[in-house]
Amino acid sequence: MSDNTKSNTPPSLRTDTFGCVRCGLTVTTFSPDGERRDHCPSCLYSRHVVDQAAGGPSDCGARMAPISIAVPRDGRWAVIHRCVRCHELTSSPVCVDDNQLVLMRTAVRPLAQPPFPLEAFGDL
Ligand SMILES: [Zn+2]
Ligand SMILES: [Zn+2]
């Protein structure tokens with residue numbers, strides 16, 4: 001029995017969900033503010049389903065790990081993902097209900113592990 005008989009509008013994408021490839025959370029495809037999302041709001045992992053270079057669907061399907069935060073000109077944070085299998089990089093806007101602790105942890109990671117001694121700044 002389908003709900004389609006109740007209205008002429010197609011089934012809303014807003015009820016679509018996907019399962020997080022890392023933590024198993026069931027994630028709604030649209031965030032509360034109506035943005036389409038491609039990563040888990042809890043652990044921020046994504047899945048490699050879009051080929052960024054070719055602009056089409058990707059058949060990779062592997063996990064994409066959140067490795068960094070970028071701040072584009074509009075000031076809104078974007079999560080940089082890297083595919084664990086083919087190492088392609090993607091960026092996607094942060095959603096309102098993304099895990100803020102994980103976002104901060106990802107953002108400060110380079111500062112916590114500098115590739116040079118921070119003592120050098122003491123002499124400036
Ligand atoms: Zn997750
Ligand atoms: Zn991939």
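This is a short walk through two zinc sites and the strands beside them, in a predicted model.

**Stop 1: the zinc ion (ligand 1)**

Start by selecting the zinc ion (ligand 1) and showing its donors as sticks. You should find four sulfurs, the SG atoms of Cys20, Cys23, Cys40 and Cys43, each at 2.3 Å. What geometry do the 4 donor atoms around the zinc ion (ligand 1) make? Their angles run from 102 to 119°, so the arrangement is tetrahedral. For reference, ideal tetrahedral angles with four donors are 109.5 degrees.

Now look at how the donors sit along the chain: the spacing reads C-x2-C-x16-C-x2-C. Pick out Cys23, in the loop between β1 (17-19) and β2 (26-28), and then Cys43, in the loop between β2 and β3 (46-47); the two are 20 residues apart in sequence, so this pair ties those parts together. Turn on a surface here. Cys23 is partly exposed, at 39% relative accessible area, while Cys43 has 8% and counts as buried.

**Stop 2: the zinc ion (ligand 2)**

Next, jump to the zinc ion (ligand 2). Its donors are ND1 of His48 plus the SG atoms of Cys60, Cys83 and Cys86, at 2.0 to 2.3 Å. The angles span 102 to 125° here, which makes this arrangement tetrahedral too. Along the chain the pattern is H-x11-C-x22-C-x2-C. Select Cys60, in the loop between β5 (56-57) and β6, together with Cys86, in the loop between β7 and β8: they are 26 residues apart in sequence, so the pair links those parts. Is Cys60 buried or exposed? Cys60 is buried, with a relative accessible area of 14%. Cys86, at 40%, is partly exposed.

**Stop 3: strand β7 and its neighbours**

Keep Cys83 selected, since that zinc donor is also the bridge partner of Met64 in the strand pairing. Extend the selection to β7, residues 78-83, where 5 of 6 residues are buried.

On one pairing, β7 runs antiparallel to strand β6 (residues 63-70), joined by 6 bridges. On another, β7 pairs with strand β8 (residues 89-93), antiparallel again, over 5 bridges. To check the register of that second pairing, pick Ile80 and look across to Ser91 in β8.

Finish at the turn. The hairpin of β7 and β8 has 5 residues between the strands, and His87 there takes a positive phi near 65°. Cys86, the donor from the previous stop, lies in that loop between β7 and β8 as well.

Notes
Residues are numbered from 1 along each chain as its sequence is written. Chains are lettered from A and ligands numbered from 1 in the order in which they are written. This is a predicted model: local features need pLDDT of at least 70, side-chain atom pairs count only at pLDDT 80 or more; totals for chains, interfaces and linings use all residues. Side-chain values use heavy atoms; hydrogens and water are left out. Donors are N, O and S atoms within 2.8 Å of the metal (3.2 Å for Na, K and Ca); water is not among the atoms, so sites may look incomplete. Four donors count as tetrahedral if all angles lie between 85 and 135 degrees; four count as square planar and six as octahedral if opposite donors are over 155 degrees apart and all others between 65 and 115; anything else is irregular. Helices (H or I, at least four residues) and strands (E, at least two) are DSSP runs, numbered from the N terminus. Buried means under 20% relative accessible area, exposed over 50%, partly exposed in between (1.4 Å probe, protein chains only). Two strands pair if DSSP finds at least two bridges between them.
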